[in-house]
Amino acid sequence: MSAAAAARQILTHLHEVMASRLHAQGKLDRVVEIVGEALDSEVCSIYLLREGMLELFATRGLKQEAVHVTRMALGEGLTGTIAQNVETLNLAEAKAHPDFQYRPETGEEKFHSFAGVPIVYRERAVGALNVQHLDPRRYEDVEIEALQTTAMVLSELIANTGLIDEEEALGLTRASTEPAKMEGLPLVKGLASGVAVYHQPRVTIDQVVAEDVEVERQRVYRAFDRMRDQIDTMAQQAEFGAGGEHEEVLQTYKMFAYDEGWSRRINEAIDSGLTAEAAIERVQQRTRMRMREIDDPLLADRMHDLEDLSNRLLRIVSGQIGTAASKGLPRDTILIAKNLGPAELLEYDRRKLKGVILEEGSLTAHVVIVARAMAVPVLGRVRGLRGMVREGDEVLLDADAGTATARPAQTMLQAFEARFAQTKKRLASYAELRDVEPFTRDGTRIQVMMNAGLRDDISSLNLVGADGIGLFRTEFQFLVSATLPQRERQTRLYRDVMDAAGSKPVVFRTVDIGGDKAVPYLASEYAEQDENPAMGWRALRLAMERKGLLKAQARALLEAAGGRPLNVMFPMVAEPWEFDAAKAVFDEQLDYMRDRKKMLPETIRYGVMLEVPALAEVLDLMIPRISFMSIGTNDLTQFLFAADRANPKLAERYDWLSPAILRFLRRLVRGTQGQPIDLGVCGEMGGRRLEALALLGVGIRRLSITPSSVGPIKELVRQVDLAEIEAAMDEWLVRPPGCLREAIADWAQAKGIDTQ
Ligand code: PEP
Ligand code: MG
């Protein structure tokens, strides 16, 4: 019988066994017979994990007395090596392999050749399927594939019959594999531990053997069509239009998506009797195996692309298209993703989401801002992330140090616990600062307010002792909602926020949608036209022109503030007339309410965000119109440096502590001095101690920052003498040192100011 015919025969028979009424052990006994016979092997054995050991569960050819007696540890002998490394062995002479171990009770001394494949369940090896021959020979590829296919069927059997203890298997294989340490860029500081969950979960394959080959063939054809459509659509979308990294990735995707060889191999696997899902996985396994033998980092990158695409195809064909959020998180979780949108992050249960690790990401990407607001630590820019962490791995995330460890050793866990305790102590010391007013050493009261955007954030206000909410990002409500929030819902939220804030001020920023804050139900209106969404039709531009959006929000805010003060801030104002037009929308609504004798706000203060550099050139025209101005350093920086804040390649290129930014900010401070407006900073920059020190140095006296930074920044403020830092800053900005960041840090250290 040819090897291919043998493979087909195995599947046909396996199909019968799986459908039979035999109990699990009976099925295993049949499987070893079927495989042994088809491959003409004297021996075929199945080992499965039990109580931490690989136990011989069924065999043809070895002594039957050895069944449920022969046991080996992971990593021990050839079988243990297969399971530990999740790798296939194909040896003409088993004894020549350094890991070979002889077990007398099995009577295997007379066999020479050996081939074995891991049985993988939930991405972990929970056993091995081996064949042995009397004569020394290497097995053909198609025989190895037949073994791998059988191993897939066995994993289906395991899933359905509870042959192994699932919890134990996950725990043991985890403990028995090496820890993997990852390094990245701290995007949101903090410590967290939990179980790794992929944002895009791997598809679980429920059925391996096909009922009807033709049906499977059709399913895979349709899936290929849909996948190619998706890739083509991606190509037409703006984010891919501009060349560069996206373009390269896309070209690779296209190449794979239309690769004849790939679809042919999947079809061949279907011909041999597999379901579409199993066929895709089968081909992927083979590619993975081949790639492992080639040590080339460039190829490894391409491999990820193919893996991505293969998963996409699997998701389409199986209909399992939801993210991990839609399935719900099992327990404390560290989320793993290439990248995420802010709306996607907000879909997760905040009580269980403990940390996020991204392959991409940057400090001011909105997903990171949202995570910061949720106090969820984020580590970004981890290369090769998805190759190092598996679903279900225990992960320790130390975003303070910029590292994460998957499958940590016991000693690491203990060290981590100790650091955790230390951090908690530090946090507790910030809590003590709650009622302490932040005066500098020379007696100036600094306003430390907080940024918010979700209903739950409001509770932080009194918890951290902020002076108010300096930026309420109203668009977060739009991001978490499946449809455009109705006016009544908006009113309710704004009212609740004001109720909770009591006498403390709240600055409501009108919707800032667009850019990297994608709102699915509006996306078709802006995403497709904009080649450069950060500079495109977003924020006030969109809110004004999209009929009714700003109008509805104005009414909601005015009604919510009935009888009390209201602060309204417009984002992305570039020219004074934009402010006038936006304010006119509020005036119109006020007139309407006045006519209907509705309760109006006690007072209304209007302000703008300074994010577009052009506005800085017309301060004289802007200031008379407004009561306050808040500098949005996140957007301002991206426009000053012409560097997309969400582009991971630029994430580390420019520094907030650069002469360009600090001179710009100082000029703004000077331009508003003595004028009747409040000036502050509400970008992420203000929440970092060293940056906050620099901001004080250029004359900023009001900060609005992420809640978890309020304590640390208050503590910083109390250590600073304003005259000293201002004098030092003046010198630095006249003759900037080689590295301004270093100079400020050294200066702070010499003064005994803790900027960590
Ligand atoms: C900013 O741009 O600095 C800002 C605070 O607004 P956002 O981050 O929401 O764009
Ligand atoms: Mg902004």
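Which residues coordinate the magnesium ion (ligand 2)? Glu611, through OE, and Asp635, through OD, do so at 1.9 to 2.0 Å. The points below start from this site in the predicted model, then move to the sheets.

1. **The metal pair in sequence.** Glutamate 611 sits in the loop between β19 (604-610) and α24 (613-616). Aspartate 635 belongs to helix α26, which spans residues 633-641. The two are 24 residues apart in sequence, so the pair ties together separate parts of the chain.

2. **Burial at the metal.** Are the two coordinating residues buried or exposed? Aspartate 635 has a relative accessible area of 2% and is buried. Glutamate 611 is at 2% relative accessibility and also counts as buried. The cut-off for buried is under 20%.

3. **Around aspartate 635.** The side chain of aspartate 635 also makes a polar contact with the side chain of glutamine 638, at 2.7 Å. Beyond four places in sequence, aspartate 635 touches Arg538, Glu611 and Arg645. Glu611, then, is both a contact of aspartate 635 and a fellow donor to the magnesium ion.

4. **Confidence.** The mean pLDDT of the protein is 87. Residues at 70 or more make up 92% of the protein. Two stretches deserve caution. Over residues 172-176 the pLDDT stays under 50, and the model gives this stretch 15 contacts beyond four places in sequence. Residues 238-246 are likewise below 50, with 12 contacts in the model beyond near neighbours in sequence.

5. **The six-stranded sheet.** What is the strand order in the open sheet of six strands? The order is β3-β2-β1-β6-β5-β4, with antiparallel pairing. Strands β3 (71-73) and β4 (89-91) are the edges, each pairing on one side only. From one strand to the next, the twist averages 25°.

6. **Strand β2 and its partners.** β2 covers residues 53-60. Seven of its eight residues are buried, so the rest of the structure largely encloses this strand. β2 pairs antiparallel with β1 over seven bridges, and with β3 over three bridges. Tyrosine 47 has leucine 56 of β2 as its bridge partner. Towards β3, leucine 54 stands opposite methionine 72, and glutamate 55 opposite arginine 71.

7. **The β1-β2 hairpin.** How many residues lie between the strands of this hairpin? There are two, and glutamate 51 takes a positive phi near 45° in the hairpin.

8. **Helices across the sheet.** Helix α2 (residues 24-38) lies across β1 (43-50), β2 and β6 (124-133). Its direction is at about 65° to β2. Helix α3 (residues 77-85) lies across β1, β2, β3, β4, β5 (113-121) and β6. The angle between α3 and β6 is about 140°.

9. **Histidine 133.** This residue is found in strand β6. Histidine 133 is buried, with a relative accessible area of 5%. Which side chain makes a polar contact with that of histidine 133? Serine 41 does, at 3.4 Å. A polar atom of the histidine 133 side chain also lies 2.9 Å from the backbone oxygen of aspartate 40. Leaving aside neighbours within four places in sequence, the contacts of histidine 133 are Leu39, Asp40, Ser41, Glu42, Phe111, His112, Ser113 and Tyr139.

10. **Strand β14.** Both faces of β14 (residues 403-406) are covered. Thr403 and Thr405 are buried on one side, and Ala404 and Ala406 are buried on the other. In a regular strand the side chains alternate between the two faces of the sheet.

11. **Partners of β14.** Strand β7 (residues 180-183) pairs antiparallel with β14 over four bridges. Here glutamate 183 has threonine 403 as its bridge partner. Strand β13 (residues 394-398) is also joined to β14 by four bridges, again antiparallel. On that side leucine 397 stands opposite alanine 404. The hairpin of β13 and β14 has four residues between the strands, and in it glycine 402 takes a positive phi near 75°.

How values were computed
Residues are numbered from 1 along each chain as its sequence is written. Chains are lettered from A and ligands numbered from 1 in the order in which they are written. This is a predicted model: local features need pLDDT of at least 70, side-chain atom pairs count only at pLDDT 80 or more; totals for chains, interfaces and linings use all residues. Side-chain values use heavy atoms; hydrogens and water are left out. Two strands pair if DSSP finds at least two bridges between them. Axes are lines fitted to C-alpha atoms, for helices over the stretch in contact, and angles run from 0 to 180 degrees between N-to-C directions. Contact means heavy atoms within 4.5 Å. pLDDT is the predictor's confidence in each residue, from 0 to 100. Buried means under 20% relative accessible area, exposed over 50%, partly exposed in between (1.4 Å probe, protein chains only). A polar contact is a pair of N or O atoms within 3.5 Å; within protein, one must be able to donate a hydrogen and the other to accept it, and residues adjacent in sequence count only if both atoms are side-chain atoms. Donors are N, O and S atoms within 2.8 Å of the metal (3.2 Å for Na, K and Ca); water is not among the atoms, so sites may look incomplete.
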